[in-house]
Amino acid sequence: MTSSRSNPGRWVAACVVALVTVLTTVRAAGAAPLILAEDGSARASILTPAEPSPIETYAAGQLARYLGKMSGTTLEVVAEKAGASAPARPVIAIVRTSLARGLKMQGPQPKRTSLEAFRMVRRGDALIICGNQAGVACDNGTLWGAYALLEMQGVGRYLSDELGLVVPRKAVIAVDELDVTDAPALEMRGGDDTAAGYLARRMKDGVAPELMGFGRQASARRMEFFHAFQYIATNQVRQEHPEWFENTRNSPHGPQPGPSPHIGYGLADNGICLVRPEIRKLFIDFFRERFRANPTLWAASIAPDDYVLGDRCPCPGCQRLLDIGGAPSFPDARGAPRSASDLLVSFVNAVAEGLAEEFPDRKLITLAYLDYLDPPKRTRVHRNVIIMPAPLSTRNELSPALDDMVAGWRRMGAQKVYWYGYILTRPPIPHLMGEWYRNHRRRGVDGVYLEFSPVPVMNAISGWLYGKLGWNPQADVGGLIDEYCLGLFGPEAGPILRRFFLAAWEVNPPLYDEIPALFAAAERMAGDPASAIARRVRFFKLSWELYHSSLALDAALKAADVPGAHRIVKAGIGAAENLKAEFPWAIRSDVWLHNTAHMEYSVTVLPALERLRSAPVTQPNPEAPAPGPARCLTNNADVAESDRVNGGVTVSFDQPAGGLDGAKLFDGLTDGPANNLSPGAFPVWHITLDMGKPVQIDRVEICTGRTRARWDIVPIYIEVQLSDDGKDFQIVQRIQPRTLRGFVASRSLYRSARYVRLRLGSLNMWHAVSEVRVWGR
Ligand SMILES: [Zn+2]
């Protein structure tokens, strides 16, 4: 998972409320409309059961709030009284009132049986909204029905802030005869929790938060999916039972660590034997306790941690299961020679079977990811295991290979398949997103979670579509974009913003040059800058400027245009600062890639890089080479012994102050975070080598890791400086920006010095150095 960090499931949806797709509507001709409010006075009240659940109370409150805003009056919420006759005046009856007794869902089978279905039916003076009483999620369905009524009346929520809330004023609020049953197409739509759970977790002092922004993304039953091994085979377990882990290691052959602890890596002590009975029992015990302690938890996560699984354990049992796997089909395997799916499924099955007797209806969710994305060759999936493919590296989700992958898991017995998609980490392409969802339906995927990066301009429309398409993957995306633009920007600016979405995301190549003029036109049409529509336009304009600056920055850096990059960053920072000041809800600065944090790092680094670049580099007059061959004066362990000498080099760092072990620069190990030194959050740092005595430097070699596993490595700048006294350093070479993997080397310097200092700068806080070699005589 990319930015999923430890818990990808906690997606709190962007702005999402889906319009009802009317599947089953019966209109009786001639019946007078049921008037709910008219000319500023309420004609109906909202009826709840005598003892409403928190979510029933909440749904009633939402209706009262928004119908009140629309009509300028207050619709009273009243609880039914046991034994009393139905109220005399018209009502909107919420869920299990006596009016809804025995109410069944209608329409085709999936809508009738969906746990989150709702039915909205008018019967005389009553409008009844009720979830599917046959299931565990009746309350969810009821809330979705309440939102559907609001949407029918023109309420829209297009951004995750009040700014995106559109509530039309109406003289008359009325409903005709209607009988609608609707249900989401996907049972899991981004949420890892139920709507009730979402509310309960966030309810403060009995007051629930605004849920309109949460929309209809949830699951009927509580579930979780995150990288779970780390919470089960903890460091404590490893310390208490070292014998369980005696065989495990990071294989020197596998696609193991690179410059940072991120995707595909793992730490040296992360190996785990998946056939060992004690480990299997550890997991069974863990989940038994978890299920016992959490009776509402329907599916628990047994997904491995965020790195390749294979070749961590050389024991015959693990190796036999790896041998079954064969070559992986996808680049996701990150160079692992064998698919680990049979190994993983065999393990997960054993845990599921260990739980099946006590918890026959509870599930375990595992990702199918990295080197276990392929379906297993021989090991069938246990009935209580849910498979969640997460094709991180397969950029084209329409790839037929992914169809085959899903079909393969189905063939191997997977009864439920959820999708872990990365669409929202990419620029929004609404029609393509629609096609992805249609394809999910064709594949028979049961749920879709989308990982997102908090880029405001990307999330706004993508998040809204996310909610829509989870209910109806067949929805016409062109129509949805119209709905979004007209709803949020009104009839004048709306069509202009629609052209912005087309120019920025839908045409190829994009028409970036036209976008400033589109925003200028939209601003003119929006009029008063304080109006809601003008502020929405400005939000999109600033968000676009920020986003676009990161694209332009990449291009400038690739062209080694540092002054240009600096100008771009300044503009991007300006947009980011304005966004932060004017729309603080839209910006988080603790994230990276194409956002303010990226910009903040850039602005820190670029002036330094610019100074660095413009400072003159005096080419020292080369000395005559001292006699004999150049040898490795830093005694690096991966250099042939005859080619190196041990000169007692010492290393110091300016940043961070401590905790780095300079010996790692010479140990010959270049893979993995354990063998890398990283300045953490510091984008520029210095490494100083004291050679112990003056030597003639021939050249300096620097390795920033050899493993190809990061997708976001950005150029790094390395400056080589030499000094005789450790105080006065002379820059002797700059190694220009490049995307790093492996070694870079200075040219031949032929200069005597005692101290070698490296100044390293990067736009990426994760940049790291694994090896430094100084050659000389
Ligand atoms: Zn093993």
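The following questions and answers concern Arg536 and an open sheet in a predicted model.

Residues are numbered from 1 along each chain as its sequence is written, and side-chain values use heavy atoms, leaving out hydrogens and water. In this predicted model, local features need pLDDT of at least 70 and side-chain atom pairs count only at pLDDT 80 or more, while totals for chains, interfaces and linings use all residues.

Me: Which side chain of opposite charge is nearest to Arg536?
Reply: Arg counts as positive, and Asp and Glu as negative. Arg536 is buried, that is, under 20% relative accessible area (1.4 Å probe, protein chains only). Arg536 has no salt bridge, a term for a side-chain nitrogen of Lys or Arg within 4 Å of a carboxyl oxygen of Asp or Glu. The nearest side chain of opposite charge lies 8.4 Å away and belongs to Asp161.

Me: Which backbone oxygen does the side chain of Arg536 reach?
Reply: Arg536 is found in helix 15 (residues 532-558); helices are DSSP runs of H or I with at least four residues, and strands are runs of E with at least two, numbered from the N terminus. At 2.6 Å, its side chain reaches the backbone oxygen of Leu163.

Me: Which strands stand at the edges of the sheet?
Reply: The open sheet has 6 strands in the order 4-3-5-7-6-11, with mixed pairing; two strands pair if DSSP finds at least two bridges between them. Each edge strand has a single partner strand, so one side of each is left without a neighbour in the sheet. These are strand 4 (77-79) and strand 11 (179-182).

Me: Which residue in strand 11 stands opposite Phe118?
Reply: Strand 6 (residues 118-123) and strand 11 run antiparallel and are joined by 4 bridges. Opposite Phe118, in strand 11, stands Asp182.

Methods
Buried < 20%, exposed > 50% of the residue type's maximum accessible area, 1.4 Å probe, protein only. Polar contact = N/O pair within 3.5 Å; in protein donor to acceptor, adjacent residues only side chain to side chain.
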